[in-house]
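Biologist: Please take one chain of this model and look at it closely, starting with the order of its elements, then its overall spread, its contacts and any unusual backbone geometry. Where the partner chain helps the comparison, please bring it in as well.

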Amino acid sequence: MLSALLVMAAIAIVLGAVLGFAAIKFHTEGNPLVDKIDAVLPQTQCGQCSYPGCKPYATAIAAGEADINRCPPGGEEGIQKLADLLGVEFKPFGSDTAAPKPKSVAYIDESTCIGCTLCIQACPVDAIVGAAKQMHTIIAAECTGCELCVAPCPVDCISMLVIEEKISNWKWKYPVYTMNVAEAAQTAAGAAR
Amino acid sequence: MRKLYHFHGGIHPPSNKTQSTRAAIAHAPLPTKLIVPLHQHAGEAAKPIVQAGDHVLKGQLIGMPDGFVSSAVHAPTSGTITAIDMQLIAHPSGLPNLCATLIPDGKEEWVGLKPVDYRSHSTAELQQLLRMAGVVGLGGAAFPSDIKLRIGKQKITTLILNGAECEPYITCDDMLMRERAAEIVQGAEMLRFMLDATEVLIGVEDNKPEAIAALQQAITANGRVLQQSKRHEVVAIPTIYPGGGAKQLIRVITGLEVPSGKLPTDIGVQCFNVATACTVYRALAHGEPLLSRVITITGNVRQAQNYEVLIGTPLAELVALSGALPDTDRYIMGGPMMGMPLPSVLVPAVKATNCIIAASAKLFPPPPPAMPCIRCTRCVDVCPADLQPQDLYWFAQSREFGRAQVFSLFDCIECGACSYVCPSHIPLVQYYRFAKSEIRAREHDKQLADQARVRHEYHEQRLEREKREKADKLAAREKAAQAAKLASTRPLTTQQQTEQTEQTELEASRAHIREVAQSEVEHPEG
């Protein structure tokens, strides 16, 4: 009886020590899930999800407070990735979120710009250079296309330009071809006409 | 006789090479207009250093290499630059790219050439010379040759010259080896010197006996001069497509396999095309930059032949030389297996152009309609990269790019052997190209997102710091004001005192207003 108690106590002490050690050794700061979700988000920092940036949205998703279908720049593919990561069902965009747009960059009409610095303060990634009463301009390579600079501009000199397809960013298209003879004949006839 | 090895798979398409090997390489006449693209090589485009209206000499630099992987572009003949603008080029997208248009003056005036003795220069100097001479791989990928010579710590034992030319119809390397074997062998010796390799093996498919004989003769003839004859050897390899793929050729000649995701240099081998060796020779021994190359004009033409063509020559003028037959409906750049249809026959010849095939419905009948994959695995039997093409097709089709990568999608050399044997006529390679470019685009987006995340974090930190600094300043000012008030209570008159109190209060309220205004700007509407 006593020996059994001793053995159980010894096991409890050893396992307790192991657990205590592991708790210190493998301690993680913050929620690792937030970082994983944040890595999937497109980092435009646009706030279209109604959270002030990608990280806060990731935190809200991790806490179960936000839906996964609130990020228009991520597109449906982004939702799918979040669904895979979190092990939940895919959810199409709701009616309250903006529709996904083609990727674009902001462009400042430099002749109209009055140098008010309001867009510089609005830019979440510091992609606008300029100073008070000096012309501003966008660093196109750093611009995430969040559109946050468009609204504050008092002279409406900022426009969003869709990124054009060039040889440097051209992609092979998904192969489209006819699957059966009837269709092939139809396309051939169409081409002949 | 050297022991040869095999690579997995391969096919035997009809070679169709004899049509264009009957006549010797002819010099194409000077065209009326040259369109020289500034991005003819893998990597970054060259930066134009001439303007419209400038007169240039033959061999003058017009595009400066810009970036680590980049190469120079030169004026192929003397004349006047009339425009530097976007022009249609030979690219599967059919999109235009930056080109310099040159109207030749017909004088062929050379810029001053500086031949060098390669043995008296360091490897780094020679690499720089090749970069500025615009020497790129002429096998098709147009990868800058100087980068392939920068090998770091690895020891290169074997330099392989690729003269396999396995793709049907193309004979430009074959004719070059027959006619300019001596230049190729000397270029090979220069490359061997730069790589400090111990042996040079020139791999040529055994369907080119004339080329093999010419190379052997050149090696014997040069042997006494170079004292390297024992290091050079021509290896006749069996004719099988794609035996000219770099990894396949290395496998056949040395028996070594380049591991997935590694480079040939990692196993002590480096591979160059025979035409590249010839260009290296001309660049160093004569100081001539890469201005022209040999191009096969074949297919549905009256007289198939090889031409020495200035870079930038509109392909329409070349095709006219061979006389395309009236039922020609499109043109293919490269071979029938890996080539691409040209968006227009007006596009210029570039460094990567090895062959132009005039195609007609009779010569290349349109493929029968594609049927569903029946998992017969014939593609697996022929894949020279030892992949599972039917699985890759499945993943690419369903956009499961992650799994395609796990199945080594990027080891695919896009040789087209799988599509060739597919009984369902599925355009498999198109799927692999689609998947590869989607994966590359996603990786690029991911990189941009990471960059944006870092910048946003800095931005947040900066705002935080500014707020803290402002608060500190305010606190310090208040403290100073209080101290001043305390110190001034006794000596000051009542009047002065009131003034000072008013001043402090005013300061404090101003600071408060500024604070409120600032936070309004930072967080509009709360």
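**Chain A, from its elements to its backbone**

Modeller: Read from the N terminus, the elements of chain A follow the order α-α-α-α-β-α-β-β-β-α, which amounts to six helices and four strands. This is a predicted model, and the values below are computed from it. With a radius of gyration of 27 Å, well over the 16 Å that the globule rule gives for 193 residues, chain A is more spread out than a compact globule. Along the principal axes, the C-alpha atoms of chain A fill a box of roughly 95 × 70 × 35 Å. Of the 193 residues in chain A, 21% count as buried. As for contacts within the chain, among those with a separation of 6 or more, 57% join residues that are 24 or more positions apart.

Turning to the partner, 26 residues of chain A are in contact with 22 residues of chain B. On the side of chain A that touches chain B, the residues divide into 12 nonpolar, eight polar and six charged.

The backbone of chain A deserves a look at A:Q43, which is found in the loop between α2 (32-40) and α3 (54-62) of that chain. Its phi is near 60°, a positive value in a residue other than glycine. Most residues other than glycine have a negative phi, and most peptide bonds are trans. A:Q43 counts as buried because 28 other C-beta atoms lie within 10 Å, where the cut-off for a buried residue is 20 or more.

Chain B offers a residue to set beside this one, namely B:N16, which has a positive phi of about 50° although it is not a glycine. B:N16 belongs to the segment before β1 (26-27) of chain B, whereas A:Q43 sits in a loop between two helices of chain A. B:N16 is partly exposed, since 18 other C-beta atoms lie within 10 Å of it, a count that falls between the limits of 12 or fewer for exposed and 20 or more for buried.

Chain B also has a peptide bond to note, the one from B:Y241 to B:P242, which is cis, with omega near -5°. B:P242 is placed in the loop between β11 (232-237) and α6 (246-254) of chain B.

Definitions and conventions:
Residues are numbered from 1 along each chain as its sequence is written. Chains are lettered from A and ligands numbered from 1 in the order in which they are written. This is a predicted model: local features need pLDDT of at least 70, side-chain atom pairs count only at pLDDT 80 or more; totals for chains, interfaces and linings use all residues. Two residues are in contact if their C-beta atoms, placed from the backbone, lie within 7 Å. Ala, Val, Leu, Ile, Met, Phe, Trp, Tyr, Cys and Pro count as nonpolar, Asp, Glu, Lys and Arg as charged, and the others, Gly among them, as polar. The radius of gyration is taken over C-alpha atoms; the globule rule is 2.2 Å times the number of residues to the power 0.38.
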